[in-house]
Amino acid sequence: MNETHKNENLGRFEHWTDGLAARIDSEETKAELAKWAAFQAKFHTYSAMNTWLIMLQRPGSTYVRGMRQWNKDFERMVKKGEKAIRILAPLIGERKTGQMLPNGQPETRKGCYGFRDVFVFDVSQTDGKPLPEVLKIDETGDTLKALIPTLEAYCVAQGFPVVYRKPENMPGGAHGLANGKETVCMEGLEANGTFKVIVHELAHNLSHFGANRAELTRERKEFEAELAAYLVGQYFGMNGNSSVNYLANWKATGTDLRKALGGVAKVAKGVIEAMLAKP
Ligand SMILES: [Zn+2]
């Protein structure tokens, strides 16, 4: 690739980053985020024991509520044939301690005296009123399917081979992960989603496991990895909303993205050139 080509690419990267920044900063994205925050606020956090029970029975669960709550608060119904997740709710009450109070009344103490079964369902077991758009972070479509073998070969050449894992073996509902050794992607995504996850995780592996590891914030790393995936995706004609949503969930601003571009351009360029070099 000659100098002119290089500059052309950098110009395009800047243009696309500005476009993404504008979408992140738009009123529309802010409105979606507000809806998302309202959605989140309706979920209480479960105890460590119940979180464990949920993950044991239905790995990959994200939003868990009782059947009636899905109905009433979210206008969603549990799908026919779905199996409930059993968790435990403490029974709180007053019990006599066996001591007498000075006034002659028996002393009581509030406490947990047992547990009862509670049945809940994950959001994936329900359908009905759509969830906030900003929750959708997977790219859809199969237009980039033919490029995946080349991308996988590039990951091997860079020393971070792609490994596919079943959803139940992905921690905390993640769709990809990087560990400085492998580029891990969840099975079952559409081709364009797979492509984007791989570029995102490869960018983490290439940029975030060196000496600078401790210096960069988690947010900065996410902005860089997602921007790299976005730029490569744009180059090959992907233009879904997934990066906007992902970055909005990480509370990125347009300024954050423009700052991240410096570190990202090289990674994005490397992937694009490898893809183009394939006959
Ligand atoms: Zn990431």
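**Reading the helices of a predicted model**

The face of α5 turned away from its buried side carries the exposed residues P149, V156 and A157. Keep in mind that this is a predicted model.

User: Which residues of helix α5 are buried, and what makes a residue count as buried?

Analyst: In α5, which spans residues 148–157, the buried ones are L151, Y154 and C155. A residue gets that label if 20 or more other C-beta atoms lie within 10 Å of its own.

User: Why do we say the buried residues of α5 line one face of the helix?

Analyst: Look down the axis of α5: its buried residues fall within an arc of 100°, so they line one face.

User: And what covers the buried residues of α5?

Analyst: The cover includes two strands, β6 (162–165) and β8 (183–186), along with the helices α6 (191–207) and α9 (254–277). Just past the end of α5, by the way, G159 takes a positive phi of about 90°.

User: Why are α6 and α7 called oblique?

Analyst: Their axes cross at roughly 130°. Over 145 degrees would count as roughly antiparallel and 65 to 115 as roughly perpendicular, so a value outside those bands, and not under 35, is oblique. That's why α6 and α7 are oblique to each other. The two axes come within 8 Å, and α6 passes α7 in a right-handed crossing. Residues making the contact include V199, H200 and A203 of α6 and A225, A228 and V232 of α7.

User: What makes α7 and α8 roughly antiparallel?

Analyst: Here the axes cross at roughly 175°. The cut-off for roughly antiparallel is over 145 degrees, so this pair earns the name. The axes of α7 (residues 218–235) and α8 (residues 242–249) come within 10 Å. Where they meet, F223, E226, A229 and Y230 are on the α7 side, and S243, Y246 and L247 are on the α8 side.

User: Is L131 buried, exposed or partly exposed, and how do you know?

Analyst: L131 has 16 other C-beta atoms within 10 Å. Buried takes 20 or more and exposed takes 12 or fewer, so L131 is partly exposed. You'll find L131 in the loop between β5 (126–128) and α5. L131 and E75 are 56 residues apart in sequence, yet their C-alpha atoms are 10.0 Å apart in space.

User: How is the chain divided, and how far apart are the C-alpha centres of the domains?

Analyst: Domain 1 takes in 3–36 + 136–277, and domain 2 covers 42–128. Their C-alpha centres lie 38 Å apart.

How values were computed. Residues are numbered from 1 along each chain as its sequence is written. This is a predicted model: local features need pLDDT of at least 70, side-chain atom pairs count only at pLDDT 80 or more; totals for chains, interfaces and linings use all residues. Helices (H or I, at least four residues) and strands (E, at least two) are DSSP runs, numbered from the N terminus. The arc is that of the directions from the helix axis to the C-beta atoms. Two residues are in contact if their C-beta atoms, placed from the backbone, lie within 7 Å. Domain bounds come from an automatic or database domain assignment. Axes are lines fitted to C-alpha atoms, for helices over the stretch in contact, and angles run from 0 to 180 degrees between N-to-C directions. A crossing is left-handed if the near helix is turned anticlockwise from the far one by less than a right angle, and right-handed if clockwise.
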